[in-house]
Amino acid sequence: GSHTTSGNQSSVSLDIFTDTYKNYEVFINDMASSNGGQPYLRFRTASGDLTGNAYTSGWGHPYRSSGADGDDNHSQWGDAYFRLAHNGISDSTTHKGQYKIFFPNPRSTSSYKSMLMHTVNFNPAETQLDPYIGSGMHVGSATTALTGFTLYMSGGYIDNGAIITYYGIKG
């Protein structure tokens, strides 16, 4: 399935996880932020977003600007969301971000839920290419099946035209 943002959306919630598939892969193409915000992701259950401070993650961040390159490692412990980028992202029509997220067994009722990501975007000033490779786990939801996820920005909106495509993968 797919969803395309229209207008400036403060968040996108997609309840796409069913018992038909064991794993899910999500592609987010051409995402930009209205004010250089950071993209965040939360898991969803039948009761809504999981908002407690149980999101833990780590990711590598090799980067390149016009004059230098480098790498960083970033992590979260006990946050209320996953970060999909450490820096904010561009609001440019030509520097939009691309994201690939894998959700292993989100319908499980016997283990913590996790996600793996591989992303690339430009920083808000468009002076640095920011790829990220990482993973995260929600350590407060072992017995509750997930129904989907919510994508939102740390501030501002998800700009018009982001395309979210998702696929179920049988076990």
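**Strand pairing, nonpolar core and salt bridges**

Arg44 is buried, with a relative accessible area of 15%. The cut-off for buried is under 20% relative accessible area, and the structure is a predicted model. Arg44 forms a salt bridge with Asp49, and the closest N and O atoms of the two residues are 2.7 Å apart. Asp49, in contrast to the buried Arg44, is partly exposed, at 28% relative accessible area.

The count of salt bridges in the model comes to five. One of them links Asp69 and Arg64, with the closest N and O atoms 3.8 Å apart. Asp69 is exposed, with a relative accessible area of 55%, while Arg64 is partly exposed, with a value of 43%. Salt bridges with shared partners join Asp15, Arg44 and Asp49 into one network.

A further salt bridge is formed by Arg107 and Asp19, whose closest N and O atoms are 3.0 Å apart. Arg107 is located in the loop between S9 and S10, and Asp19 in the loop between S2 and S3, so this pair ties together parts that are 88 residues apart in sequence. The relative accessible area of Arg107 is 23%, and this residue is partly exposed. Asp19 is exposed, with a relative accessible area of 61%.

Turning to the strands, an open sheet is formed by eight of them, in the order S1-S13-S3-S9-S10-S11-S6-S7, with antiparallel pairing. The edges are occupied by strand S1 (2-4) and strand S7 (69-79); each has a single partner strand, so one side of each is left without a neighbour in the sheet. On average, neighbouring strands of this sheet are turned by 10° against each other, direction ignored. At the S1 edge, the pairing with strand S13 (residues 163-169) is antiparallel and runs over three bridges. Within S13, Thr165 stands opposite Ser2.

Strand S12 (residues 148-153) does not appear in the order of that open sheet, but pairs with two other strands, S2 and S4. Strand S2 (residues 11-14) runs antiparallel to S12 and is joined to S12 by four bridges. Val12 has Leu151 of S12 as its bridge partner. Strand S4 (residues 39-45) also runs antiparallel to S12, and six bridges join these two strands. Here Arg42 stands opposite Thr150 in S12.

S12 is mostly covered, with six of its six residues buried. The residues point in two directions from the strand: Gly148, Thr150 and Tyr152 point one way, whereas Phe149, Leu151 and Met153 point the other way, and all are buried. Thr150 and Leu151, the bridge partners of Arg42 and Val12, thus point in opposite directions from S12.

Phe149 of S12 also takes part in the largest nonpolar core, which has 31 residues; Met31, Phe43, Phe103 and Phe149 touch the most other members. At least two residues of this core are supplied by each of S2, strand S3 (23-31), S4, strand S6 (55-65), strand S9 (97-104), strand S10 (113-122), S12 and S13. S3 provides the largest share, four residues. In soluble globular proteins, nonpolar side chains tend to be buried together.

Nonpolar residues are also found at the surface. Tyr112, Met137 and Val139 make a nonpolar surface patch of about 260 Å². Of these residues, Met137 is found in strand S11 (residues 128-138). Met137 counts as partly exposed, at 36% relative accessibility; this value lies above the 30% required of patch residues.

Phe122 lies in strand S10 and is partly exposed, with a relative accessible area of 26%. The cut-off for patch residues is over 30% relative accessible area, so Phe122, at 26%, does not meet this cut-off. Phe122 and Leu14 are 108 residues apart in sequence, and their C-alpha atoms are 25 Å apart in space.

Terms used
Residues numbered from 1 in each chain as written. Predicted model: local features only at pLDDT ≥ 70, side-chain atom pairs only at ≥ 80, totals over all residues. Heavy atoms only, no water. Pairing = 2+ DSSP bridges. Axes fitted to C-alpha atoms, helices over the stretch in contact; angles between N-to-C directions. Buried < 20%, exposed > 50% of the residue type's maximum accessible area, 1.4 Å probe, protein only. Patch = residues over 30% accessible without salt bridge, like charges linked within 9 Å, V, L, I, M, F, W, Y side chains within 5 Å. Areas by Shrake-Rupley, 256 points an atom, 1.4 Å probe, with all protein chains shown as cover. Salt bridge = Lys/Arg side-chain N within 4 Å of Asp/Glu carboxyl O. Core = buried A, V, L, I, M, F, W, Y, C linked by side-chain atoms within 4.5 Å.
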